[in-house]
Amino acid sequence: MLLPIVQYPDPVLAATAEPIDTITDEIRELAANMAETMYDAPGVGLAANQVGVLKRIVVIDISEERDELLTLINPEVVEASDELCEYEEGCLSLKGLYEKVKRPDEVTVRYMNLDGETREFTATGLLAVCVQHEIDHLNGEVFIDHLSKLKKDRARTKLQKIRRNEQRNA
Ligand code: NI
């Protein structure tokens with residue numbers, strides 16, 4: 001089932017999501033619906049806050065073939081490199097806006113899979129960016145929160161313009 005994607009600055013995007021204790025049918029269904037919504041959008045990642053659910057779950061697929069779905073429950077960065085990289089990020093909740101954000105180049109992430117097992121992986125490049133971006137959502141942050149106040153204000157103005165143009169062309 002496709003879920004409506006919440007748009008910035010909806011307060012649910014600024015709220016902290018709650019950890020998940022056990023994998024229930026409800027969680028499995030949420031994960032499946034989130035994946036369907038991400039592929040449909042299309043996007044490379046989606047956090048539960050973005051569909052209005054305050055639970056710590058994200059889905060990611062950065063593959064070209066769109067066949068490498070990662071479902072991460074309670075994901076956390078347990079190690080991050082000192083080295084940073086800058087990447088132009090976008091978000092399904094701030095559609096049309098792209099801004100450069102600096103983040104650790106390499107991160108190790110611990111999470112629970114849909115079988116309730118704890119797993120870890122180390123990521124660099126786009127996957128590292130994406131997983132940090134999605135974990136931020138669970139902590140009530142969006143990517144423009146990483147910008148200076150001046151750049152963030154500009155980004156918000158740009159977003160308003162993008163939305164006005166979209167309405168005009170609709
Ligand atoms: Ni996002």
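Leaving aside its neighbours within four places in sequence, which residues is His-137 in contact with? In this predicted model, the list runs to Leu-13, Ala-15, Ala-47, Asn-49, Gln-50, Cys-91 and Val-142. Cys-91 is a good one to remember, as that residue turns up again at the metal. His-137 itself sits in helix H2 and counts as buried, because its relative accessible area is 0%, with the cut-off for buried being under 20%.

Now for the nickel ion. Its protein donors are the SG atom of Cys-91 and the NE2 atoms of His-133 and His-137, and they lie 2.1 to 2.3 Å from the metal. Written along the sequence, the donor residues follow the spacing C-x41-H-x3-H. The short end of that pattern, H-x3-H, fits neatly onto a helix: His-133 and His-137 are 4 residues apart in helix H2 (residues 125-138), so about one helical turn separates them. Like His-137, which is buried, His-133 counts as buried, since its relative accessibility is 6%.

Next comes the largest pocket, which holds about 350 Å³ of space. Its lining is made up of 20 residues, and those nearest the pocket's centre are Val-44, Glu-89, Gly-90, Cys-91 and Tyr-98. So here is Cys-91 again, a donor of the nickel ion that also lines the largest pocket. Strand E4 (84-89) and helix H2 each provide at least two lining residues, and H2 gives the largest share, with 5 residues. Helix H2 therefore plays two parts in this picture: it carries His-133 and His-137, and it contributes to the pocket lining.

What about the nonpolar interior? The largest nonpolar core contains 17 residues, and Met-34, Leu-46, Ile-57 and Ile-73 have the most contacts inside it. Helix H1 (25-40) and strand E2 (57-60) are the elements giving two or more residues to this core, and the largest share, 6 residues, comes from H1. Leu-46 shows how such a residue is surrounded: not counting neighbours within four places in sequence, its contacts include Met-34 and Ile-57 as well as Ile-5, Val-51, Leu-92 and Glu-134. Apart from this core lies another one, of 16 residues, among them Val-107, Tyr-111, Phe-121 and Ile-135.

Two members of that other core also meet as rings. A search of the whole structure turns up 1 aromatic pair, formed by Tyr-111 and Phe-121 in an edge-to-face arrangement, with 5.7 Å from centre to centre and 65° between the planes. The pair links distant parts of the chain, as Tyr-111 belongs to strand E6 (residues 106-112) and Phe-121 to strand E7 (residues 118-124), 10 residues apart. Both partners are tucked away: Tyr-111 is buried because its relative accessible area is 12%, and Phe-121 is buried too, at 16% relative accessibility.

Finally, Glu-76 offers a contrast with these buried side chains. Glu-76 lies in strand E3 (residues 70-80) and counts as partly exposed, because its relative accessibility is 41%. Without counting residues up to four places away in sequence, Glu-76 touches Thr-108, Val-109, Arg-110 and Ile-135. One of these, Ile-135, belongs to the core of 16 residues. Glu-76 and Gln-160, on the other hand, are 84 residues apart in sequence and 32 Å apart in space, taken from C-alpha to C-alpha.

Terms used. Residues numbered from 1 in each chain as written. Predicted model: local features only at pLDDT ≥ 70, side-chain atom pairs only at ≥ 80, totals over all residues. Heavy atoms only, no water. Donors = N, O, S within 2.8 Å, 3.2 Å for Na, K, Ca; no water. Buried < 20%, exposed > 50% of the residue type's maximum accessible area, 1.4 Å probe, protein only. Contact = heavy atoms within 4.5 Å. Phe/Tyr/Trp six-rings, centres within 6.5 Å; stacked < 30°, edge-to-face > 60°. Core = buried A, V, L, I, M, F, W, Y, C linked by side-chain atoms within 4.5 Å. 1 Å grid on protein atoms, 1.4 Å probe; cavity = no way out; pocket = protein on both sides within 12 Å on 5 of 7 lines; lining within 4 Å. Points joined across faces, edges and corners; volume = space filled by probe spheres on them.
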